[in-house]
Amino acid sequence: MPVRNESGSKARLLFLERYLLEHTDDSHFLTTEDILALCREHGFKSQRATVGDDMGLLSAAGLDVIQERVAENRTAMNAYHIGSRLFELAELRMLVDAVSSSRFITVEKSDQLVSKLAMLTNEQNRSSLTGKVYNADRMKTSNLSVFVIMDLIRTAIDAGRKLSFHYWDYTIRKEKVLRHGGELYVASPYALIWDDDRYYMAAWSDKRQKIVKYRVDRMCDVNLLEEPAVADDSFNPAVYSRSVIRMFDDDLPETQVTLLCENRLMQNVLDRFGEETETEVAGIKSFRARVKVVPSSTFLSWVFQYQGEILIESPAEVRTQYEQMLRGILNRQEALDDEQKRKAREKT
């Protein structure tokens with residue numbers, strides 16, 4: 001295709017590329033007359049034949065410019081619009097939903113990211129992305145440095161180096177306070193794991209001499225050290241995530257537990273522990289699942305939510321631990337009830 005080397009042709013091409021991306025899609029197009037008028041309005045030289053050349057150059061450069069014939073004022077003419085894009089609208093909506101609902105991103109950062117994602121579609125679709133974000137009512141982190149921290153963690157993993165950092169908790173007055181009186185943590189990061197809308201760093205702890213998980217949004221004062229990380233070639237992020245991140249207590253060993261489950265809960269068990277979970281038929285209405293977990297209060301609470309439709313069959317010590325937890329809850333509830341009754345009697 002011959003190329004016309006007119007003055008300002010490069011700037012005109014950049015302008016047309018941006019305008020097509022901003023204002024056209026399968027439902028919105030620009031005719032040759034529209035393009036000529038736009039060029040005149042913005043000070044670019046163009047002719048009818050130039051329009052076709054420009055569209056051909058943009059297509060050759062990788063832009064999906066669709067040409068079709070349309071009728072306008074009873075005259076047939078060429079019209080152009082953008083076809084496929086780097087991200088389709090449905091994909092952008094999914095990304096916007098993920099960003100706006102993620103707990104590890106602050107409200108302010110969510111707004112910034114959503115605005116940037118919206119720039120990847122045209123003007124007509126932009127409001128549909130930014131106008132339906134309800135992140136102000138979502139549970140969000142207040143740690144403004146979380147992205148910087150995540151970048152440092154990834155750098156440490158790639159470079160095989162240790163990190164130092166502080167870790168904070170809340171007081172009963174909802175004030176932030178550094179754990180252990182401001183003790184400096186030193187760890188060798190192995191992986192960033194996203195679970196339940198939060199990021200965790202799985203790392204070897206120098207102090208505890210084991211792999212420990214840390215919530216990224218509760219880390220602060222993070223520094224990349226020159227000291228090489230402690231290596232562990234056996235570490236498997238997927239296995240660690242299933243067994244520890246949500247069923248956690250770092251001081252308990254991992255244990256194989258057999259669960260007796262109602263048949264309708266197969267999907268729940270596989271969602272939690274993975275499709276490779278060992279299962280077998282236990283009767284007409286139930287099945288057994290053998291899972292490796294850290295049998296902490298978090299795991300026991302997961303079992304409790306099914307109100308007896310998932311039971312711990314073995315080992316005996318985990319079953320006993322579960323029973324003690326339930327009795328302890330009942331005892332504390334009964335003690336509270338007795339205290340309230342006593343106060344009520346005193347008032348009368």
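Which side chain makes a polar contact of 3.0 Å with the side chain of Asn122?

**Exercise 1. Place Asn122 and list its partners.**

This is a predicted model: local features need pLDDT of at least 70, side-chain atom pairs count only at pLDDT 80 or more, and totals for chains, interfaces and linings use all residues. Residues are numbered from 1 along each chain as its sequence is written, and side-chain values use heavy atoms, without hydrogens and water.

- Step 1. The partner asked for above is the side chain of Asn125. A polar contact is a pair of N or O atoms within 3.5 Å, one able to donate a hydrogen and the other to accept it.
- Step 2. The side chain of Gln124 also joins that of Asn122, at 3.2 Å.
- Step 3. Asn122 sits in the loop between helix 5 (107-118) and helix 6 (123-130).
- Step 4. Asn122 counts as buried because its relative accessibility is 0%. Buried means under 20% relative accessible area, exposed over 50% (1.4 Å probe).
- Step 5. Beyond neighbours within four places in sequence, Asn122 contacts Leu21, Glu22, His23, Thr24, Asp25 and Arg85. Contact means heavy atoms within 4.5 Å.

**Exercise 2. Sort the faces of helix 2.**

- Step 1. In helix 2 (residues 32-41), the buried residues are Thr32, Ile35, Leu36, Leu38 and Cys39.
- Step 2. Their arc around the axis is only 160 degrees, so they lie on the same side of helix 2. The arc uses directions from the helix axis to the C-beta atoms.
- Step 3. Exposed Arg40 and Glu41 are on the face turned away from the buried side.
- Step 4. The cover over the buried residues includes helix 1 (9-23), strand 1 (30-31), helix 3 (48-60) and strand 3 (75-82).

Note on methods
Helices (H or I, at least four residues) and strands (E, at least two) are DSSP runs, numbered from the N terminus.
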